[in-house]
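Grab a pencil and try the exercises below. Each one comes with a worked solution, so have a go before you read on.

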Amino acid sequence: MAAILLTPGPVCSYHSFTQSGPQSLRSITRKEYDFATNTLEMNNLGIQVGVQSGYVTRLVFVKQAPSLAEPILQRSSNLCTPQEYTGRFQCKVPLKINANIRKQLVEMNYVTEEQMKY
């Protein structure tokens with residue numbers, strides 16, 4: 001769970017985690033990833049993304065702002081420190097979050113345009 005919290009940016013998908021998460025955890029299964037994100041008590045957001053054959057729903061884990069996440073981090077002090085979380089939260093969104101998802105996250109006010117820039 002700490003590895004998900006420490007991925008760069010305010011959002012994380014399974015695909016972006018397996019690309020930019022810690023090397024030792026990149027082989028995590030979808031089931032393990034889903035369990036970890038559900039346990040963190042933050043937002044798991046299903047976003048519809050257009051593909052050639054229609055639309056698919058992609059789950060995106062939206063991290064809470066550092067001030068809102070502090071109670072979660074205090075209850076589970078073994079996850080990471082508030083300073084570590086804040087530093088990683090303020091990073092840009094990983095490149096593996098595709099343009100359609102980025103656009104929708106901005107429109108839904110989950111992230112800012114600034115956080116989306118490469």
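**Exercise 1.** Describe how helix 4 and helix 5 pack against each other.

*Solution.* Start with the geometry. In this predicted model, helix 4 covers residues 66–75 and helix 5 covers residues 82–89. Their axes lie 10 Å apart and make an angle of about 140°. Next, the handedness: helix 4 crosses helix 5 in a right-handed way. Now see who does the touching. Helix 4 brings Pro 66, Ala 69, Glu 70 and Leu 73, while helix 5 brings Pro 82, Tyr 85, Thr 86 and Phe 89. Last, sort these residues by type: you get 6 nonpolar, 1 polar and 1 charged.

**Exercise 2.** Find out which helices supply the largest nonpolar core.

*Solution.* First get the core itself: it has 18 residues. Ile 4, Leu 5, Phe 17, Tyr 33, Leu 40, Phe 61 and Tyr 85 have the most contacts inside it. Then go helix by helix. Helix 1 (2–5), helix 2 (14–20), helix 3 (30–39), helix 4 and helix 5 each put in at least two residues. Helix 1 is the top giver, with 4 residues. Don't stop there, though: apart from this core lies another one, of 10 residues, including Val 11, Leu 105, Val 111 and Met 116.

**Exercise 3.** Decide whether Val 106 is buried or exposed, and list what it touches.

*Solution.* Locate it first: Val 106 sits in helix 6 (residues 99–107). Its relative accessible area is 17%. The cut-off for buried is under 20%, so Val 106 counts as buried. Now the neighbours: leaving out residues up to four places away in sequence, Val 106 touches Val 111, Thr 112, Glu 113 and Met 116. Take Met 116 from that list: it is 10 residues from Val 106 along the chain, and their C-alpha atoms are 8.2 Å apart.

**Exercise 4.** Compare the burial of Cys 12 and Cys 91, and count the disulfides.

*Solution.* Cys 12 has a relative accessibility of 1%, so it counts as buried. Cys 91 comes in at 24%, which makes it partly exposed. As for disulfides, the count is 0.

**Exercise 5.** Sum up the whole chain: what are its elements, and in which order do they run?

*Solution.* Count first: there are 7 helices and 3 strands. From the N terminus on, the order is α-β-α-α-β-β-α-α-α-α. Then check burial: 40% of the 118 residues are buried. Finally, take the contacts between residues at least 6 apart in sequence: 55% of them join residues at least 24 apart.

Notes:
Residues are numbered from 1 along each chain as its sequence is written. This is a predicted model: local features need pLDDT of at least 70, side-chain atom pairs count only at pLDDT 80 or more; totals for chains, interfaces and linings use all residues. Side-chain values use heavy atoms; hydrogens and water are left out. Axes are lines fitted to C-alpha atoms, for helices over the stretch in contact, and angles run from 0 to 180 degrees between N-to-C directions. A crossing is left-handed if the near helix is turned anticlockwise from the far one by less than a right angle, and right-handed if clockwise. Contact means heavy atoms within 4.5 Å. Ala, Val, Leu, Ile, Met, Phe, Trp, Tyr, Cys and Pro count as nonpolar, Asp, Glu, Lys and Arg as charged, and the others, Gly among them, as polar. A nonpolar core is a set of buried Ala, Val, Leu, Ile, Met, Phe, Trp, Tyr and Cys residues joined through side-chain atoms within 4.5 Å. Buried means under 20% relative accessible area, exposed over 50%, partly exposed in between (1.4 Å probe, protein chains only). A disulfide is a pair of cysteine sulfur atoms within 2.5 Å.
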